Amino acid sequence: MTKRAYNFCAGPAALPEAVLQQAQKELLDWQSKGVSIMEMSHRSDEFVGVANQAEQDLRDLLSIPEHYKVLFMQGGASQQFAQIPLNFLPESSSADYIDTGIWSRKSIDEARRYGNINVAASAKKYDYFSIPGQNEWQLNKQAAYVHYTTNETIGGLQFDWIPESGDVPLVADMSSDILSRPVDVSRFGMIYAGAQKNIGPSGLVVAIVREDLLGKARASCPTMLDYKVAADNGSMYNTPPTFSWYLSGLVFKWLKEQGGVEGMAKLNFEKQRLLYEYIDKSDFYTNPISKSARSWMNIPFRLADARLEQAFLAGAQERALLNLQGHRSVGGMRASIYNAVPMAAVEALIDYMRAFEKEKA
Ligand code: PMP
């Protein structure tokens, strides 16, 4: 048996060990077919069965209403930054965006290539440590849609509420918190998420799109980026990333066994509570985010003395606590504690943080 480390990577992130073991078991010979899942036609009954089951399990997990399509696409969440305006923003119209950090700003910069973008609220005035309340937003009732990022993976800022957008469709980047707790899908026009955090391996982006929003893409929208084309072809207009889709399906099954998103929410609540509680009690570690906007998934923290960062990371590595360095754009530390990161990992991290503080403080 190889000993697996505790992996706090922001993405591609830890996957459930049981899922990896199952994939390993079926790697050479999937269900006695004599070939692996990667070597099968995406149009075979076998693969279509795997794909449909994955979709159904995701529908069950998030209670996705019938009038939403579930799309499995490529290009990551970043491609959605362009695909969303190409599909939903007529050239003469404008869209509202909420700026809460690096990922929402990337979505804004990309959308600006396609049309008029109104930043209806920005966390900048709070140094990105807090989310402006909806009473501070300047929404446009004529907007084609409102876009926001439910969890800022780098900043560690997360919405614990769903904005009210009236008749304007709400579009959410849930790349780093989808499936971590229940969400009312019916409040959204569209939800999307890159797979490599809470869903499966990279190479896949999952979108949940309300049916009435389909079929309105610009004439110039590439065929491959038209959601209606994806929907009409069961996400198989071209060859999809079959292995990522299959593995995501195994993750959905695993999630169901863990009590679904309700089960995950209980566990994730406890994981983040323990870690923030420890950070807040300590004079050695700090997290700057206001309590109501703290992410359950990505917990950035700083050491009292930044010169100790390298020693902290080296010591963590020795204990097989991996990928705790913050994003290169902000520095410091960050612990990403997605669904597949067990409570034991969080406990081991806190034990190490305590020992390091004792030694260096
Ligand atoms: N949005 C968020 C919130 C993210 O965390 C990321 C990736 N870390 C992205 C978008 C971009 O995802 P991708 O690399 O799949 O394009």
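Let's start at Lys 197, which sits in the loop between strand 9 (190-194) and strand 10 (205-210) of this predicted model. In the UniProt record, an unreviewed entry, Lys 197 carries the annotation "modified residue: N6-(pyridoxal phosphate)lysine". Is Lys 197 buried or exposed? Lys 197 counts as buried because 30 other C-beta atoms lie within 10 Å, and the threshold for that label is 20 or more. Setting aside residues up to four places away in sequence, Lys 197 touches Gly 11, Ala 13, Ser 175, Ser 176 and Tyr 338.

Some of those names come back when we turn to the ligand. Which residues surround the ligand? They are Gly 11, Gly 76, Ala 77, Ser 78, Trp 103, Thr 149, Thr 153, Asp 173, Ser 175, Ser 176 and Gly 194. Gly 11, Ser 175 and Ser 176 are in this shell, and they are also among the contacts of Lys 197. Helix 3 (residues 76-88) gives the largest share of the shell, 3 residues. By residue class, the shell holds 2 nonpolar, 8 polar and 1 charged.

Asp 173 is one of the shell residues, and its place is in strand 8. Asp 173 is buried because it has 27 C-beta neighbours inside 10 Å. Beyond its neighbours within four places in sequence, Asp 173 is in contact with Ala 77, Trp 103, Ser 107, Thr 149, Thr 150 and Tyr 192. Of these, Ala 77, Trp 103 and Thr 149 are also residues around the ligand.

The UniProt record (again an unreviewed entry) lists Asp 173 under "binding site", together with Ala 77, Ser 78, Trp 103, Thr 153, Gln 196, Asn 238 and Thr 239. These positions cover 163 residues of sequence and are spread in space too, with up to 30.4 Å between C-alpha atoms. Asn 238 lies in the loop between helix 5 (227-232) and helix 6. Asn 238 counts as exposed because 12 other C-beta atoms lie within 10 Å, and the label applies at 12 or fewer. Arg 43 also has a UniProt "binding site" annotation from an unreviewed entry. Arg 43 is in the loop between helix 1 and helix 2, and it is exposed because it has 10 C-beta neighbours inside 10 Å. Apart from neighbours within four places in sequence, Arg 43 contacts Val 48 and Met 236.

Next, a few backbone details are worth a look. Most residues other than glycine have a negative phi, and most peptide bonds are trans. Which peptide bond here is cis? The bond from Gly 11 to Pro 12 is cis, with omega near -10°. Pro 12 belongs to the loop between strand 1 (6-7) and helix 1, and Gly 11 is one of the residues around the ligand. Tyr 128 is not a glycine, yet its phi is positive, about 65°. Tyr 128 lies in the loop between strand 4 (116-122) and strand 5 (146-149), and it counts as buried because it has 24 C-beta neighbours inside 10 Å. Leu 179, likewise not a glycine, has a positive phi of about 70°. Leu 179 is in the loop between strand 8 (170-173) and strand 9; it is buried because 25 other C-beta atoms lie within 10 Å.

Now step back to the whole chain. The protein chain is divided into domain 1 (18-257) and domain 2 (260-360). Their centres, taken over C-alpha atoms, are 27 Å apart. Domain 1 gives 23 residues to the contact and domain 2 gives 24 residues. On the side of domain 1 that touches domain 2, helix 2, strand 7 (157-158) and helix 6 each give two or more residues. That side is made up of 10 nonpolar, 8 polar and 5 charged residues.

Helix 6 (residues 242-257) makes a good last stop. Its 16 residues reach 23 Å from the first C-alpha to the last, close to the 22 Å expected at 1.5 Å a residue. Among its buried residues are Trp 245, Tyr 246, Leu 247 and Phe 252. The buried residues of helix 6 pack against helix 1 (17-25), helix 2 (45-62), strand 2 (68-73) and helix 7 (260-281). After helix 6 comes Gly 259, with a positive phi near 95°.

Conventions. Residues are numbered from 1 along each chain as its sequence is written. This is a predicted model: local features need pLDDT of at least 70, side-chain atom pairs count only at pLDDT 80 or more; totals for chains, interfaces and linings use all residues. Helices (H or I, at least four residues) and strands (E, at least two) are DSSP runs, numbered from the N terminus. The expected span of a helix is 1.5 Å times one less than its number of residues. Two residues are in contact if their C-beta atoms, placed from the backbone, lie within 7 Å. Domain bounds come from an automatic or database domain assignment. Ala, Val, Leu, Ile, Met, Phe, Trp, Tyr, Cys and Pro count as nonpolar, Asp, Glu, Lys and Arg as charged, and the others, Gly among them, as polar. A residue is near a molecule or strand if its C-beta atom, placed from the backbone, lies within 6 Å of it. UniProt positions are given in the numbering used here, feature names are shortened, and annotations may be inferred rather than shown by experiment.
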